[in-house]
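Colleague: Could you take me through one part of this model slowly? I would like to see how a single element sits in the whole chain.

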Amino acid sequence: MKLHLLIVTMLLGVVLAVHLAMNGKVGSVIGNARVANALFWCIGAFTAFVIGASGWQAGALGPLKQVHPLLLTAGAIGACLVFAIAWLIPEAGAGPVMITLLVGQIVGGIVLSHFGWLGLPVQPVTLMKVVGVLLMIAGTFLATRS
């Protein structure tokens, strides 16, 4: 990956950590992570609508009929993920949750890429990748031990 893409991705990781911690904090303050999360999703849906509408073109949804309906469940999956993470952060702490999420993302990404699922470019699992994942898992264990 090119250096500028690595930097942008790392910054997005920081933004994600702050975003999820903010979500967890609001849930903690009001005493209901589900209500806080629903509020965030409403604000997010409005923001997504504004961003999407800014680039709207006639017929933009025409190709939607070619999309497999299961792929559209990504929105529901995202909502469930954020609800779960907003609940987990006040319970376990932002650091342990983020570290463990990252390992899960790495493993998931490697598996998706290895098989080329969802139309991703095929990138076979190598010994180096396996060693890297095992080191990350060991690091996660060390970094999250109480």
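What follows is a close look at helix 2 and its surroundings.

Modeller: Keep in mind that this is a predicted model. Start with the whole chain. It has five helices and zero strands. Read from the N terminus, the elements run α-α-α-α-α. The C-alpha trace spans about 50 × 45 × 30 Å along its principal axes. Of the 146 residues, 14% count as buried.

Now go to helix 2. This helix covers residues 33-54. That makes 22 residues. From the first C-alpha to the last, helix 2 reaches 31 Å. At 1.5 Å a residue, 32 Å would be expected, so the value is close to the expected one.

Next, look at the two sides of helix 2. Which of its residues are buried? They are A33, A36 and N37. These three cover an arc of only 90 degrees around the axis, so they lie on the same side of helix 2. Turn to the face that points away from this buried side. There you find C42, F46 and F49, and these residues are exposed.

Stay with C42 for a moment. Its relative accessible area is 55%. Exposed means over 50%, so C42 passes that cut-off. Does a cysteine in that position pair up, or does it stay single? The closest cysteine sulfur to that of C42 is in C80, 15 Å away. A disulfide needs two sulfur atoms within 2.5 Å, so this gap is too far for a bond. The view from the other end agrees: for C80, the closest cysteine sulfur is in C42, again at 15 Å. C80 counts as exposed too, at 55% relative accessibility. The structure as a whole holds zero disulfides.

Finally, follow the chain out of helix 2. A loop leads from there to helix 3, which covers residues 74-92. L71 sits in that loop. Is L71 exposed or partly exposed? It is partly exposed, with a relative accessible area of 48%. L71 also belongs to a nonpolar patch on the surface. Other members include W56, L61, L64, V67 and L72. Further along the sequence, the patch takes in V107, V111, F115, W117, L118 and L120. Together the patch residues have about 1200 Å² of accessible area.

To recap, helix 2 has a buried side with A33, A36 and N37. Its opposite face carries C42, F46 and F49. The loop after it holds L71, part of the nonpolar patch.

How values were computed. Residues are numbered from 1 along each chain as its sequence is written. This is a predicted model: local features need pLDDT of at least 70, side-chain atom pairs count only at pLDDT 80 or more; totals for chains, interfaces and linings use all residues. Side-chain values use heavy atoms; hydrogens and water are left out. Buried means under 20% relative accessible area, exposed over 50%, partly exposed in between (1.4 Å probe, protein chains only). Patches are made of residues with over 30% relative accessible area and no salt bridge: like charges are joined within 9 Å, nonpolar side chains (Val, Leu, Ile, Met, Phe, Trp, Tyr) within 5 Å. Accessible areas come from the Shrake-Rupley method with a 1.4 Å probe; for residues, only the protein chains shown count as cover. A salt bridge is a side-chain nitrogen of Lys or Arg within 4 Å of a carboxyl oxygen of Asp or Glu. Helices (H or I, at least four residues) and strands (E, at least two) are DSSP runs, numbered from the N terminus. The arc is that of the directions from the helix axis to the C-beta atoms.
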